[in-house]
Amino acid sequence: MMVETKKIMWMFKKDLLVLWRHPPRLISILLFPIIMITLFGYGMGGTLENIPVVVVEQSHGQVTDATLSAIKGMSLYDVKDIITDPDKGKEMVQNGQVKAAIILPANYDNMSSTQPKSVVVDVDSSDQMASSAVVPATQALFNQISNNIGLQKLDTMNLTPSGASASNIQVQSNQVAAAPQGINFQNVMDSINLQINKMYGDIKYIDFLVPAVIGMTVLFGCMFGMGDALAGERERGELARLFMTPTSIATVVGGKIISKLSIEIVRALILIGAAIILFGIAIKGSMILTLLVLILGALCFVGFGVMISARVSTQEDYMQMVMPITMPMMFVSGVFYPIETMPWIFQKLAYIFPLTYVNDALRAVMLKGVGVGAIWIDIAVLLGFTALFFALGVRGFNRDI
Amino acid sequence: MKYAIETFDLTKMYNNDFLAVDALNMRVRDKTIFGFLGPNGAGKTTTIKMLTCLILPTSGTAKVSGHDVLKNPNEVRQKIGMVPQLVSLYGDLTVKENVHLCADFYGLPEDLKISRADELMEMVDIKYAENKLVKQLSGGMKQKASVVASLIHQPEILFLDEPTIGLDPTTKRVLWDLVEELNSNGHTIILCSHDMYEVELLCDDVGIVSQGKLAAFDTPQGLKDTMIKEIKEENSRVDPNVSEALEKILEETDPDDKKAVEYITGNMGNNNLNLKELSVMISNKNEEMLNTLNNLSIVHDVVEHASGRITMDIEDSDESVSEVISDIIEHGGNITSIATKDPSLEDVFVRVTSKKKQEAEEGVDDGGN
């Protein structure tokens with residue numbers, strides 16, 4: 001056991017020595033996360049569609065039907081369900097099933113009331129991209145609906161301002177200038193009071209991006225690093241010398257994994273530190289849980305690297321095999337855009353990539369501040385992927401050079 | 001007799017369709033230097049990989065230092081060491097770090113690791129560079145460092161794969177001396193090389209593999225003797241009358257029709273023996289002298305080189321050299337230098353491997369028919 005520990009430590013020491021003796025490589029490791037976060041933090045933008053929402057209707061009538069029809073008619077929303085329980089709607093947002101719950105009040109169809117109807121939108125603000133699109137669009141929609149309801153009411157009272165009609169959504173409340181005595185036109189026109197409830201507070205795009213960029217950086221570090229650590233050393237004949245000694249494949253590969261994991265954790269810490277210092281990012285959840293998710297993610301990607309290394313004899317071959325997997329993984333795993341807003345084929349594809357689960361878990365811990373209980377599915381899937389990759393990797397690994 | 005290596009129908013098939021090593025049976029005597037030769041793709045490297053437990057045989061097995069490669073691979077690994085090409089040191093570690101790393105992988109105690117590393121580095125004269133990065137070393141130094149790393153666990157058998165390739169002649173000689181020293185210290189050396197001079201110089205026994213099979217196995221001198229004997233036997237089989245008739249046909253054949261010429265000469269039993277090469281410098285050579293040489297029955301392929309040297313193949317007999325020299329002198333030639341070259345291991349290698357290849361191709365043709 002002592003001898004095995006020494007061997008593993010040698011693998012670790014050797015990799016650190018090599019790193020130390022390659023200043024460009026070392027600088028790249030330290031600078032790459034900062035460059036990544038800076039580039040993506042300042043450079044990204046885009047248009048969102050099909051954001052999953054749930055509508056809670058607590059009354060039935062013409063106004064509800066018209067509102068539902070208007071919501072469904074907007075490409076921004078993808079109405080996943082129409083339910084009646086507001087608590088369930090909120091729960092669906094918390095569970096990540098939808099990005100927002102639009103809760104219509106019980107008096108929504110009551111046209112005789114002059115009291116404003118309180119529409120509540122519970123929005124998943126941890127998904128900054130989705131919430132930044134949902135909030136203004138929902139505000140605009142209910143502003144229009146509010147105006148329409150107001151005009152209908154004025155119609156009923158025979159007080160419609162000239163040039164406006166109930167069907168004219170362009171009408172503005174300040175156009176109702178000549179108000180007959182006893183009627184508060186402002187109240188009539190502001191018939192809907194929209195309340196936006198950002199469930200996780202105000203979150204900027206950079207906050208949304210950081211967890212995924214950390215996951216992505218770990219992905220690239222592990223995947224490409226394993227190319228040199230195993231395929232490269234195999235190609236150069238360095239691994240052969242170790243395999244010619246009475247040492248198991250598991251020991252050699254284990255040593256490689258430990259050294260790679262250690263380096264990746266340091267990179268992740270640098271990345272988190274840079275995000276905090278440069279962009280004022282706050283980690284709402286546990287730092288330890290964040291690190292554990294990262295370690296699990298790194299282990300999973302290293303396992304993937306081992307699996308590929310087992311099947312190639314050169315580093316070039318390794319890169320050729322890894323590139324077509326890592327690049328799509330980066331784009332469909334919700335690093336830059338929420339998965340739910342992507343075309344359906346990408347959404348399906350996203351669920352076979354481990355990075356999706358790393359991103360989901362990291363965002364949940366860092367932005368929502370949740371505990372293990374809320375991310376257990378992500379952890380279970382990542383553990384499954386890790387076990388599968390290692391099983392296939394170590395099984396397929398041989399001493400041949 | 002104790003054998004360092006014994007193979008028993010050792011076979012390796014790749015992808016179920018490429019037979020790299022075909023039921024190889026071979027025994028290498030303990031504490032000898034064994035030259036393991038073969039053309040590229042003959043199955044030499046695959047055999048070495050099986051013997052060093054890097055790959056598993058498809059069938060058959062081998063014993064290395066008395067341990068079965070299938071049953072006790074770790075015991076085999078403990079008994080062997082290997083020097084490039086297949087294996088290399090970490091270029092970004094120093095010589096000492098590489099050697100210590102290997103020592104730890106072989107499980108050497110700390111004190112033994114340090115003392116043995118120092119001792120070996122002293123022996124191969126690389127101690128002064130122990131703190132240099134391996135990638136900064138010259139080719140010869142790298143080989144020396146590799147030898148140290150391979151010997152750190154005191155293996156009984158050392159595999160040397162092309163150890164002197166790319167090295168200058170002086171460094172080559174240093175390594176050859178080292179190989180002989182290691183052998184005299186009791187190590188069995190398995191030398192894989194395409195340098196026939198090196199093999200002839202160092203090896204006690206030589207095995208030549210071709211088409212995945214052991215095509216020849218003997219001492220270097222034994223192999224040469226066998227070749228000469230075989231060629232003589234082949235030539236004696238040709239009927240002199242047939243040979244004479246073919247000679248006449250050859251005279252009437254267009255010399256530019258190379259295929260026809262080759263076919264006829266092949267059947268004449270001449271076969272351009274190439275058994276001994278004679279090289280002479282004649283200060284006053286002329287056309288007549290060269291014609292005379294060409295007409296001698298024991299001389300073949302007279303070539304005049306740009307340097308003025310004349311080379312020719314002569315039959316390998318005790319009298320042939322003096323007969324040619326006397327003839328030159330009789331024709332007034334002033335000989336300034338003479339050199340002869342006997343049949344070499346390279347000739348044996350070419351003959352054995354060509355023959356095997358031809359047999360394999362004929363086998364394929366027959367199969368096709």
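Chain A has 14 helices and 5 strands. The model is a predicted one. Of the 401 residues in chain A, 52% count as buried. Its contacts reach along the sequence: among those with a separation of 6 or more, 78% join residues 24 or more positions apart. The accessible surface of chain A comes to about 17,200 Å². Carbon and sulfur atoms hold 60% of that surface.

Chain B has 13 helices and 14 strands. Buried residues make up 49% of its 369 residues. Among contacts in chain B between residues at least 6 apart in sequence, 67% join residues at least 24 apart. The accessible surface of chain B is about 18,000 Å², and 47% of this belongs to carbon and sulfur atoms.

Now turn to the rings. Over all chains, the structure holds 9 aromatic pairs. One of them joins Tyr357(A) and Phe385(A). This pair is tilted, with 6.2 Å from centre to centre and 45° between the planes. Tyr357(A) lies in helix H13 (residues 354–368) of chain A, and Phe385(A) lies in helix H14 (residues 376–396) of chain A, so the pair ties together parts that are 28 residues apart in sequence. Both Tyr357(A) and Phe385(A) are buried.

Phe385(A) has a second partner, Phe389(A). Here the rings are stacked, at 5.7 Å centre to centre and 25° between the planes. Both residues belong to helix H14 of chain A. They are 4 residues apart, about one turn of the helix. An α-helix has 3.6 residues a turn, so residues three or four places apart point the same way. Phe385(A) counts as buried because its relative accessibility is 16%, and the cut-off for buried is under 20%. Phe389(A) also counts as buried, at 6% relative accessibility. Phe304(A) joins the picture too: Phe304(A), Tyr357(A), Phe385(A) and Phe389(A) form one aromatic cluster.

Rings in chain A also meet charges. Arg363(A) lies over the face of Phe208(A), at 3.7 Å from the ring centre. The charged end of Lys13(A) sits over the ring of Trp10(A), 4.6 Å from its centre.

Next, take a single helix. Helix H3 (residues 62–73) of chain A has 12 residues. At 1.5 Å a residue, H3(A) should span 16 Å. Its end C-alpha atoms are 16 Å apart, which agrees. Which residues of H3(A) are buried? They are Val63(A), Thr64(A), Thr67(A), Leu68(A) and Ile71(A). Seen down the axis of H3(A), these buried residues fall within an arc of 130°, so they line one face of the helix. The face of H3(A) turned away from the buried side carries the exposed residues Gln62(A), Lys72(A) and Gly73(A).

One last stop is Ser259(A). Where is Ser259(A) found? It is in helix H9 (residues 249–279) of chain A. At 1% relative accessibility, Ser259(A) counts as buried. What does Ser259(A) touch, not counting residues up to four places away in sequence? Its contacts there are Met11(A), Phe12(A) and Asp15(A).

Note on methods:
Residues numbered from 1 in each chain as written. Chains lettered and ligands numbered in written order. Predicted model: local features only at pLDDT ≥ 70, side-chain atom pairs only at ≥ 80, totals over all residues. Heavy atoms only, no water. Helix = DSSP H or I, 4+ residues; strand = E, 2+ residues; numbered from the N terminus. Buried < 20%, exposed > 50% of the residue type's maximum accessible area, 1.4 Å probe, protein only. Contact = heavy atoms within 4.5 Å. Areas by Shrake-Rupley, 256 points an atom, 1.4 Å probe, with all protein chains shown as cover. Phe/Tyr/Trp six-rings, centres within 6.5 Å; stacked < 30°, edge-to-face > 60°. Lys NZ or Arg CZ within 6 Å of the ring centre and 35° of its normal. Expected span 1.5 Å × (residues − 1). Arc of directions from axis to C-beta.
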